[in-house]
Amino acid sequence: MKLAILGGGGFRVPLVYGALLGDRGAGRVTRVVLYDVDAGRLSAIARVLAEQAAGVGGAPEVTVTTDLDDALRGADFVFSAIRVGGLEGRAADERIALEEGVLGQETVGAGGIAYGLRTVPVAVGIARRMAAVAPDAWVINFTNPAGLVTEAMSHHLGDRVIGICDSPVGLGRRVARALGADPEEAGIDYVGLNHLGWLRGLYVGGRDQLPRLLADSAALGSFEEGRLFGADWLRSLGAIPNEYLHYYYYNREAMAAEREAKQTRGAFLRDQQTGFYEAVARGVGSALEAWERTRAEREATYMAENREAAGAGERAESDLEPGGYERVALALMRAIARDERATLILNVRNRTALSALDADAVVEVPCLVDANGAHPVAVTPLAGHAAGLVCAVKAVEREILAAADSGSREAAVKAFALHPLVDSVGVARRLLTAYAGAHPGLAYLRR
Ligand code: G6P
Ligand code: MN
């Protein structure tokens with residue numbers, strides 16, 4: 001099996017490779033090709049992987065390339081985890097939104113729209129090369145905004161592109177533990193869009209255990225989402241929202257904490273990772289140890305402003321361990337390659353799973369996965385408030401796709417203006433002007 005990793009110089013690649021090293025099963029990945037536009041980052045990550053593989057028998061062979069077609073040719077699976085504009089671009093997304101007084105998160109609100117506008121055309125370019133060079137490969141899309149990017153690629157690859165995210169699994173695991181249940185045994189009723197979903201039930205032995213959790217304030221205070229949203233609000237919702245919904249339900253508090261912060265998340269990660277890649281290039285000491293230190297610091301500070309706004313304290317030890325992101329990817333590959341049936345929460349075309357949306361809308365829902373791909377399972381309808389948000393944000397995504405397709409500035413302004421977290425059409429217009437000025441990748445918006 002050949003796996004191509006696009007964004008192969010990316011910081012989280014060692015997590016994926018680590019998961020592959022632990023896979024001893026038949027039909028496992030034996031060859032990994034890392035593709036990236038930045039040769040320096042590629043060689044740094046290749047050094048980390050070489051240290052990971054040292055002494056491991058049967059470790060997948062690793063090669064690197066800056067030629068996309070070379071990477072794709074002969075691949076069985078393609079992981080796409082690129083960051084168009086880099087962390088410098090992310091920092092600009094955040095800063096420009098904050099200057100306009102609106103949220104500038106990586107995937108949420110104005111920041112997510114700016115990121116989507118510059119990522120979709122690049123993802124579509126990759127999908128076109130895939131269709132030409134590796135039409136039988138499966139694409140696992142990690143590239144954020146993951147739901148939107150998966151939908152853009154699905155226009156060219158149909159159901160051979162599947163989007164993944166670790167946040168629903170992490171939520172399911174935390175809720176199961178808070179209930180004293182085994183996460184592996186629990187059936188999770190979670191639906192929505194990527195970074196915009198709700199856990200509405202958790203089944204053990206055919207019984208929904210969520211009502212028991214909602215009735216137990218101490219248990220609700222024992223995990224991340226319980227502390228972020230507060231027991232009363234969770235009871236009002238009758239569901240546990242994805243942590244990214246903190247930006248919606250507590251927008252004012254989250255914004256205030258961002259304004260107070262010394263640096264935005266993107267700027268922090270940019271500085272941190274620049275330090276890491278430079279240290280590896282200088283060649284002092286172990287690249288793997290430098291990577292591990294950097295990773296630990298990154299994990300510990302994840303969503304720090306939101307936790308601070310909520311008075312939620314530090315992240316739990318169990319949330320700092322690796323295992324989310326790469327485990328979903330590996331489970332998905334295995335289920336397809338070995339026809340090992342699995343139920344996973346994935347980003348796929350809706351068909352009829354969510355009645356509020358059309359068949360081609362990419363949604364994040366539980367799917368049955370086998371050698372024929374990921375099949376969304378029908379779910380009970382979303383509550384009215386959730387359907388409202390999901391439809392509003394999907395309408396925004398559709399404007400981004402239209403803008404990327406046509407180069408229309410009008411569509412881009414509509415994307416910003418229709419977002420529930422952008423409070424004026426005037427703000428939307430100024431955001432587009434500022435983003436277009438900051439990002440060369442938006443030069444295509446000319447019409
Ligand atoms: C979660 C999300 C990802 C996101 C990641 C890193 O795992 O599901 O989509 O990329 O967090 O966030 P960070 O702010 O550390 O880059
Ligand atoms: Mn995600």
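**Exercise 1. Strand E12 and its partners**

Task: In this predicted model, determine with which strands E12 pairs and in what sense.

Solution.
Step 1. Strands E11 and E12 form an antiparallel pair held by 8 bridges. Within this pair, Val348 has Val363 of E12 as its bridge partner.
Step 2. E12 also pairs with strand E13 (residues 373-376), again in the antiparallel sense, over 4 bridges. Here Val369 is matched with Ala374 of E13.
Step 3. The connection from E12 to E13 is a hairpin that runs through 2 residues.
Step 4. As for its surroundings, E12 (residues 362-370) is mostly covered, since 7 of its 9 residues are buried.

**Exercise 2. Strand E8 and its surroundings**

Task: Establish why strand E8 is described as largely enclosed, and identify the strands that pair with E8.

Solution.
Step 1. A residue is buried if 20 or more other C-beta atoms lie within 10 Å of its own. In E8 (residues 196-204), 7 of the 9 residues are buried, and therefore the strand is largely enclosed by the rest of the structure.
Step 2. Strand E7 (residues 187-193) pairs with E8 in the antiparallel sense over 7 bridges. One bridge joins Leu193 to its partner Leu196 in E8.
Step 3. Strand E10 (residues 240-241) is an antiparallel partner of E8 over 2 bridges. In this pair, Leu199 is bridged to Ile240 of E10.
Step 4. Strand E9 (residues 207-208) is likewise antiparallel to E8, with 2 bridges. The partner of Tyr203 in E9 is Asp208.

**Exercise 3. Two hairpin residues**

Task: Compare the settings of His195 and Gly205: which is buried and which is exposed?

Solution.
Step 1. His195 lies in the loop between E7 and E8. The hairpin of these strands has 2 residues between them.
Step 2. Gly205 is placed in the loop between E8 and E9. This hairpin, too, has 2 residues between its strands, and Gly205 takes a positive phi near 55 degrees.
Step 3. His195 has 24 other C-beta atoms within 10 Å, so this residue is buried. Gly205 has 9 C-beta neighbours inside 10 Å and therefore counts as exposed.
Step 4. The position of Gly205 can also be related to Ala186: their C-alpha atoms are separated by 8.2 Å, with the two residues 19 apart along the chain.

**Exercise 4. Backbone exceptions**

Task: Identify what sets the backbone of His195, Asp339 and the bond from Asn144 to Pro145 apart.

Solution.
Step 1. Most residues other than glycine have a negative phi, and most peptide bonds are trans.
Step 2. His195 is not a glycine, yet its phi is positive, at about 60 degrees.
Step 3. Asp339 also has a positive phi, near 55 degrees, in a residue other than glycine. Asp339 lies in the loop between H18 and strand E11 (342-349). With 12 other C-beta atoms within 10 Å, Asp339 is exposed.
Step 4. The peptide bond from Asn144 to Pro145 is cis, and its omega is near -10 degrees. Pro145 belongs to the loop between strand E5 (138-141) and helix H6 (146-157).

**Exercise 5. The shell around ligand 1**

Task: State which residues surround ligand 1 and how they divide by character.

Solution.
Step 1. The surrounding residues are Asn144, Cys165, Asp166, Ser167, Arg265, Leu269, Arg298, Tyr302 and Tyr325.
Step 2. This shell divides into 4 nonpolar, 2 polar and 3 charged residues.
Step 3. Asn144, listed in the shell, is also the residue from which the cis peptide bond leads to Pro145.

**Exercise 6. Helix crossings**

Task: Classify the crossing of H5 with H19 and that of H20 with H21.

Solution.
Step 1. The axes of H5 (residues 109-133) and H19 (residues 384-406) come within 9 Å and cross at roughly 50 degrees. H5 is therefore oblique to H19. Their crossing is right-handed.
Step 2. For H20 (residues 409-418) and H21 (residues 425-438), the axes come within 8 Å and the crossing angle is roughly 125 degrees. These helices are therefore oblique to each other. The handedness of the crossing between H20 and H21 is right-handed.

**Exercise 7. Locating Glu321**

Task: Describe where Glu321 is found and whether the residue is buried or exposed.

Solution.
Step 1. Glu321 is in the loop between helix H17 (317-320) and helix H18 (325-337).
Step 2. Glu321 counts as exposed because 9 C-beta neighbours lie inside 10 Å.
Step 3. Glu321 and Ser80 are 241 residues apart along the chain, and their C-alpha atoms are separated by 23 Å.

Conventions: Residues are numbered from 1 along each chain as its sequence is written. Chains are lettered from A and ligands numbered from 1 in the order in which they are written. This is a predicted model: local features need pLDDT of at least 70, side-chain atom pairs count only at pLDDT 80 or more; totals for chains, interfaces and linings use all residues. Two strands pair if DSSP finds at least two bridges between them. A residue is near a molecule or strand if its C-beta atom, placed from the backbone, lies within 6 Å of it. Ala, Val, Leu, Ile, Met, Phe, Trp, Tyr, Cys and Pro count as nonpolar, Asp, Glu, Lys and Arg as charged, and the others, Gly among them, as polar. Axes are lines fitted to C-alpha atoms, for helices over the stretch in contact, and angles run from 0 to 180 degrees between N-to-C directions. Angles under 35 degrees count as roughly parallel, over 145 as roughly antiparallel, 65 to 115 as roughly perpendicular and the rest as oblique. A crossing is left-handed if the near helix is turned anticlockwise from the far one by less than a right angle, and right-handed if clockwise.
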